[in-house]
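Visitor: I'm new to this structure and I'd like a close look at just one part of it. Could you pick a spot on the inside and walk me through what surrounds it?

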Amino acid sequence: MNDSFIILVNNKTIFNSKWLDSDSSSYIKAQGKIIRNIDPPEYFTETIPKNFFVDGFSEMGFDKIVLWLQKIFKNDIVTPIRMSELLYDVKFKVLQDLYKMKWSDITENSLRCIILDIWAEAIQISTKDLNTIVLNDWDYFISIDFYKTFKKEFFSPSGIDKWHLFKTVKNWHQENNQQLEYLK
């Protein structure tokens, strides 16, 4: 089991969860920013781009993600409100792409939404004892049942079945379109 995860963009590490661990030798005080790099390339600090890849996130497991978030929120390394703003912003952009339904991107965008939903649930759990209210109005992508199914797959040893994900999202899109036609 991993104790950390890394976010890569174009095979370059732009975030390592150990950077926010005060016990780590690579610790960086975040000062309000979520993403920091010891040697910043041309990259973002406010949004997660399309070509990001998260290494070690599923291996870390949901409970360890929650514990990690509790630790960084408790130590004020990252404020929950700031992280929530980022999640809302990124999910809005990903959902826009999903509603356009470019079939070549459907699995990648759906997986990105599942990861964002995992973050949202983990933040809700990790902040429940803090004097802060975050993500109470978070809507899970498609439905809570869809989320629970694919969250379970995401953290399983075999991972998400991408064909299952593609078919489920395609069916959801077709049902949405039929409902819209019926309402006209």
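Guide: Let's start with Trp68. Leaving out residues up to four places away in sequence, Trp68 touches Phe5, Phe15, Ser17, Leu20, Met60 and Trp119. Keep in mind as we go that this is a predicted model. Trp68 sits within helix α2, which covers residues 62-74.

Trp68 also belongs to something bigger. The largest nonpolar core has 45 residues, and Phe5, Phe57, Trp68 and Leu69 are the ones that touch the most other members. Several helices feed this core: α1 (57-60), α2 (62-74), α3 (80-100), α4, α5 (144-154) and α6 (162-183) each put in at least two residues. The top contributor is α4, which gives 10.

Now follow one of those contacts, Phe5. You'll find Phe5 in the segment before β1, the strand at 6-9. With a relative accessibility of 1%, which is under the 20% cut-off, Phe5 counts as buried. Setting aside neighbours within four places in sequence, Phe5 is in contact with Phe15, Asn16, Ser17, Val54, Asp55, Gly56, Phe57, Met60, Trp68 and Trp119. Some of those names should ring a bell, since Phe15, Ser17, Met60 and Trp119 also touch Trp68. Take Ser17 as an example: Phe5 and Ser17 are 12 residues apart along the chain, and their C-alpha atoms are separated by 5.6 Å.

Trp68 has aromatic company, too. One aromatic cluster is formed by Phe57, Phe62, Trp68, Trp119, Phe154 and Phe155. Phe62, a member of that cluster, has a charged visitor: Lys151 lies over the face of its ring, 3.7 Å from the ring centre. Across the chain, the count of aromatic pairs comes to 10. One of them is Trp163 with Phe166, whose ring centres are 5.5 Å apart and whose planes are at 10 degrees, so this pair is stacked. Both residues lie in helix α6, three residues apart, or about one turn of the helix. Their surroundings make a nice contrast: Trp163 is exposed, with a relative accessible area of 54%, while Phe166 is buried, at 18%.

Back to α4, the helix that gives the most to the core. It has 21 residues and reaches 30 Å from its first C-alpha to its last, close to the 30 Å expected at 1.5 Å a residue. Of those 21 residues, 17 are buried, so α4 is largely enclosed by the rest of the structure. Ser110 is a good one to look at here, as it is found in α4, which spans residues 106-126. Ser110 has 0% relative accessibility and so counts as buried. Not counting residues up to four places away in sequence, Ser110 touches Leu98, Phe141, Leu165 and Val169.

Step off the helices for a moment and you meet Ile142, in the loop between α4 and α5. At 27% relative accessibility, Ile142 counts as partly exposed. Its phi is near 65 degrees, a positive value in a residue other than glycine. That's worth pausing on, because most residues other than glycine have a negative phi.

The next loop, between α5 and α6, holds Ser156. Ser156 is partly exposed as well, with 23% relative accessibility. Along the sequence Ser156 is 98 residues from Ser58, yet their C-alpha atoms are 8.0 Å apart in space.

Finally, zoom out to see where all this sits. The chain has six helices and three strands, and read along the sequence they follow the pattern β-β-β-α-α-α-α-α-α. Of its 184 residues, 45% count as buried. Among contacts with a separation of 6 or more, 65% are between residues 24 or more positions apart. As for the outside, the accessible surface comes to about 10800 Å², and 51% of that belongs to carbon and sulfur atoms.

Note on methods: Residues numbered from 1 in each chain as written. Predicted model: local features only at pLDDT ≥ 70, side-chain atom pairs only at ≥ 80, totals over all residues. Heavy atoms only, no water. Helix = DSSP H or I, 4+ residues; strand = E, 2+ residues; numbered from the N terminus. Buried < 20%, exposed > 50% of the residue type's maximum accessible area, 1.4 Å probe, protein only. Contact = heavy atoms within 4.5 Å. Core = buried A, V, L, I, M, F, W, Y, C linked by side-chain atoms within 4.5 Å. Areas by Shrake-Rupley, 256 points an atom, 1.4 Å probe, with all protein chains shown as cover. Expected span 1.5 Å × (residues − 1). Phe/Tyr/Trp six-rings, centres within 6.5 Å; stacked < 30°, edge-to-face > 60°. Lys NZ or Arg CZ within 6 Å of the ring centre and 35° of its normal.
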